[in-house]
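Hi everyone, thanks for having me. Today I'd like to walk you through how a few helices sit against one another, so please have the picture open as I talk.

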Amino acid sequence: MPQTPTFWQIATDRSVTMRALRIALIVGTVIALINHGDRMMMGGMDAIAWLKCALTFLVPYSVSTYSSVMAVRDRLQSLEDA
């Protein structure tokens, strides 16, 4: 019986990373505009604000990656149990 892939192996799979990137771009953009849009439009962004804005994209990326890994693990486990 083949060994179940590790969390890291699944998380770095191309399909998982591409899905997470797409979601991070969409959701991260919405969140960044909600949180920083007014400052962006007025040109009031400093280095710290830009860093916070960039970090905003890590949250949806991380959530998407984690949920994808858990879904893949559940699917593989159900296949092993069958």
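**How the helices pack**

Let's begin with H2 and H3, which pack at an angle of about 165°, their axes being 9 Å apart. Because of that angle, H2 counts as roughly antiparallel to H3. The crossing in which H2 passes H3 is right-handed. Before I go further, please keep in mind that what you are looking at is a predicted model.

Who makes this contact? On the H2 side you'll find Gly-28, Ile-31, Ala-32, His-36, Arg-39 and Met-40, and on the H3 side Ala-49, Trp-50, Lys-52, Cys-53 and Thr-56. Sorted by class, the contact of H2 with H3 has 6 nonpolar, 3 polar and 2 charged residues.

Let's zoom in on one of those residues, Thr-56. It belongs to helix H3, which covers residues 47-56. Is Thr-56 buried or exposed? Its relative accessibility is 12%, and the cut-off for buried is under 20%, so Thr-56 counts as buried. Which residues does Thr-56 touch, if we leave aside its neighbours within four places in sequence? They are Gly-28, Ile-31, Ala-32 and His-36. You've already met those names, since each of them was on the H2 side of the contact with H3. Thr-56 also has a partner in its own helix: its side chain reaches the backbone oxygen of Lys-52 at 2.8 Å.

Now on to H3 and H4. The axes of these two come within 5 Å and cross at roughly 20°. That makes H3 roughly parallel to H4, because angles under 35 degrees are put in that group. Here Ala-54, Leu-55 and Thr-56 in H3 meet Leu-58, Val-59 and Pro-60 in H4, so to speak. Thr-56 therefore turns up again, in this contact as well as in the one with H2. By class, the contact of H3 with H4 has 5 nonpolar residues, 1 polar and no charged ones.Our last pair is H2 and H4, which span residues 14-42 and residues 58-81. Their axes come within 8 Å and cross at roughly 145°, and the crossing is right-handed. From H2, the residues taking part include Arg-19, Ala-20 and Ile-23, and they face a group in H4 with Pro-60, Tyr-61 and Ser-64 among them. The residues of this contact divide into 8 nonpolar, 5 polar and 1 charged.

Let's stop at Ser-64, in helix H4. At 6% relative accessibility, Ser-64 counts as buried. Not counting residues up to four places away in sequence, Ser-64 touches Arg-19, Ala-20 and Ile-23.

To finish, compare Ser-67, also placed in helix H4. With 42% relative accessibility, Ser-67 counts as partly exposed. How far apart are Ser-67 and Ala-11 in space, C-alpha to C-alpha? The distance is 9.7 Å, although the two are 56 residues apart in sequence. Thanks for listening!

Technical notes:
Residues are numbered from 1 along each chain as its sequence is written. This is a predicted model: local features need pLDDT of at least 70, side-chain atom pairs count only at pLDDT 80 or more; totals for chains, interfaces and linings use all residues. Side-chain values use heavy atoms; hydrogens and water are left out. Helices (H or I, at least four residues) and strands (E, at least two) are DSSP runs, numbered from the N terminus. Buried means under 20% relative accessible area, exposed over 50%, partly exposed in between (1.4 Å probe, protein chains only). A polar contact is a pair of N or O atoms within 3.5 Å; within protein, one must be able to donate a hydrogen and the other to accept it, and residues adjacent in sequence count only if both atoms are side-chain atoms. Contact means heavy atoms within 4.5 Å. Axes are lines fitted to C-alpha atoms, for helices over the stretch in contact, and angles run from 0 to 180 degrees between N-to-C directions. A crossing is left-handed if the near helix is turned anticlockwise from the far one by less than a right angle, and right-handed if clockwise. Ala, Val, Leu, Ile, Met, Phe, Trp, Tyr, Cys and Pro count as nonpolar, Asp, Glu, Lys and Arg as charged, and the others, Gly among them, as polar. Angles under 35 degrees count as roughly parallel, over 145 as roughly antiparallel, 65 to 115 as roughly perpendicular and the rest as oblique.
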